[in-house]
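Good morning, colleagues. I should like to take you through one structure today, beginning with a loop and moving on to the packing of its helices.

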Amino acid sequence: MEDLSLSTTMLIIVPILLVLIASGMHIALAMGAVGLFIMEFMVGSGSSLAMLGRLQYNVVADNFPLVALPLFIFMGYLILRVGLAERIYVGSSSLVGFIPGGLLHANILSCSIFSAMCGSSVATAASLGSVAVPLQVDKHGYPPRAVMGSLAAGGTLGILIPPSITFVAYGVFVGESIGQLFAAGVVPGIVLALLFMLYIFVAAIVRPASSGPRVPFSLRSSLAGLMGMWPALLLIAAVITSIYSGFTTPTEAAAVGCVLAMAVGAWYRTLTWDAVWRAARSAVFTTCFIMLLIVTAQIVSLGLSMIELPQRLTLALAELGLPVATLFAVLVLIYLALGCFLEPASMLFLTLPIVHPLLTSMGFSSVWLGVVMVILVELANITPPVGFNLFVIQGVSGGRPMKEIILGVVPYWLCLFAMLAILYLVPDIALWLPGQLFPAR
């Protein structure tokens, strides 16, 4: 089967994968099965399967940067358990609640700050949603659609603003510097948060009914809000500066973050053995899920590289002569469609074995592509019917209709599409800071 055409190869591999997924098989097992099929029946080399043991060892055991993954996940769950969300929300409200749009801006700002400690989209949405929804909808009379849409969208910042679990997983899979990926996410994360807030501001000016009452500005309350957030800001500064000062690696910085998160919990007397146990257990479950995806995606990647599918696909696209912008737009539409049926992590690792070599061979930076992939995963997080953040916000809202949440999040889809367009037209938004912090030698 080594001399099959590209179209025939795709017609064999894609239906097998789709049938396995449709049958209910876990996406990781489906990817592993397809990889084994490729190596056994399409490569035909008896030694190909013998490489799997060393592949798994290299991915899991002999990969120090991967240790950062469970540590950052554990740090995020610790922060979730020690109850920092309410302090961050109150501080954010005092800082930006006076702007037209009121407390909706606080949703975005508090999500941004929480994201810089947590690294998880779902945890960000759940933590701040449980605080903000009752206050804004029940107490202040904000439109439920606007509140839930801003929280679902704000939660997506959890995987863009570093430290990001998705950046760690992407960097380990493609062999990219995690420090550079973290740096690449900073400016786009800030720009995206500002785009969200700009939409809220404009909507509040054009349609005042789309928001609620503003919080009167008070210098004293703003300073008090900042003082209430100081543990969160200290933790963020410690993790980020320790990485970019060269004092620690990202893995060591994750360990520092875990210790500081426990110290913050001890300071506020919210750290208990039960909280640590629950955080550790959740971190183990999440880490095992992501690790299984990474290993099986590497098996697929090895099989595809053996039959040279990414290279052949690149040549086929080059022969078509399509503009690069058209190919990029098609890629975005494919991810948007996949986001309707697959959860974000599965979607990412299912497509990386083809998309990464394809786009990097066309001249796109691997670091820039990491930021783009994370934004596409963010879109999947708020895309029905599978978008995780939609279900999280519905849960913390007391079971409000999903239709309200989806309608509330639609404007933020447009902001995410605008961010993708900005990144395509001005790639230095993602590449400038890594270039400053990691100059080419």
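**A loop, its neighbours and the helices around it**

Pro-163 is situated in the loop between helix 8 (144–155) and helix 9. Helices here (H or I, at least four residues) are DSSP runs, numbered from the N terminus. Before I continue, please note that this is a predicted model, in which local features need pLDDT of at least 70, side-chain atom pairs count only at pLDDT 80 or more, and totals for chains, interfaces and linings use all residues. Residues are numbered from 1 along each chain as its sequence is written, and side-chain values use heavy atoms, with hydrogens and water left out.

What is the peptide bond from Pro-162 to Pro-163, cis or trans? That bond is cis, with omega near 0 degrees. For context, most peptide bonds are trans, and most residues other than glycine have a negative phi.

The second backbone point concerns Arg-269, which is not a glycine and yet has a positive phi of about 60 degrees. Arg-269 is placed in the loop between helix 12 and helix 13. Its relative accessibility is 79%, so Arg-269 counts as exposed; the classes are buried for under 20% relative accessible area, exposed for over 50%, and partly exposed in between (1.4 Å probe, protein chains only).

Let me turn to helix packing. Two packed helices are described by the angle between their axes and the distance between the axes. The axes are lines fitted to C-alpha atoms, for helices over the stretch in contact, and angles run from 0 to 180 degrees between N-to-C directions.

Helix 9 (residues 165–174) and helix 10 (residues 178–206) have axes that come within 9 Å and cross at roughly 140 degrees. The two are therefore oblique to each other; angles under 35 degrees count as roughly parallel, over 145 as roughly antiparallel, 65 to 115 as roughly perpendicular, and the rest as oblique. Helix 9 passes helix 10 in a right-handed crossing, a term used if the near helix is turned clockwise from the far one by less than a right angle, with left-handed used if anticlockwise. On the helix 9 side, Phe-167, Val-168, Tyr-170, Gly-171 and Val-172 meet Ile-178, Leu-181, Phe-182 and Gly-185 of helix 10; contact means heavy atoms within 4.5 Å. The residues of this contact comprise seven nonpolar, two polar and no charged. In that count, Ala, Val, Leu, Ile, Met, Phe, Trp, Tyr, Cys and Pro are nonpolar, Asp, Glu, Lys and Arg are charged, and the others, Gly among them, are polar.

Which residues does Phe-182 contact, leaving aside its neighbours within four places in sequence? They are Phe-72, Pro-162, Pro-163, Ser-164, Phe-167, Val-168, Ile-243 and Tyr-244. Both prolines of the cis peptide bond are thus included in the list for Phe-182. Phe-182 is buried, with a relative accessible area of 0%. From C-alpha to C-alpha, Phe-182 and Ser-164 are 7.2 Å apart in space, and they are 18 residues apart in sequence.

Helix 9 has a further partner in helix 13: their axes come within 11 Å and cross at roughly 30 degrees. Helix 9 and helix 13 are therefore roughly parallel to each other, and their crossing is right-handed. In this contact, Ile-165, Ala-169, Val-172 and Phe-173 of helix 9 meet Ile-290, Ile-294, Ala-297, Gln-298 and Ser-301 of helix 13. These residues divide into seven nonpolar, two polar and no charged.

How many salt bridges does the structure hold? It holds one, where a salt bridge is a side-chain nitrogen of Lys or Arg within 4 Å of a carboxyl oxygen of Asp or Glu. The side chains involved are those of Asp-274 and Arg-278, at 2.9 Å, N to O. Because Asp-274 and Arg-278 are four residues apart in helix 13 (residues 273–306), about one helical turn separates them. Asp-274 is partly exposed, with a relative accessible area of 41%, and Arg-278 is also partly exposed, at 35%.

I close with two further buried residues. Thr-251, in helix 12 (residues 250–267), is buried at 6% relative accessible area. Not counting residues up to four places away in sequence, Thr-251 touches Phe-64, Pro-65, Val-67, Ala-68 and Leu-71. Leu-104, found in helix 6 (residues 103–118), is buried as well, at 3%. With the same sequence neighbours left out, Leu-104 touches residues including Gln-136, Tyr-142, Ile-200 and Ser-210.
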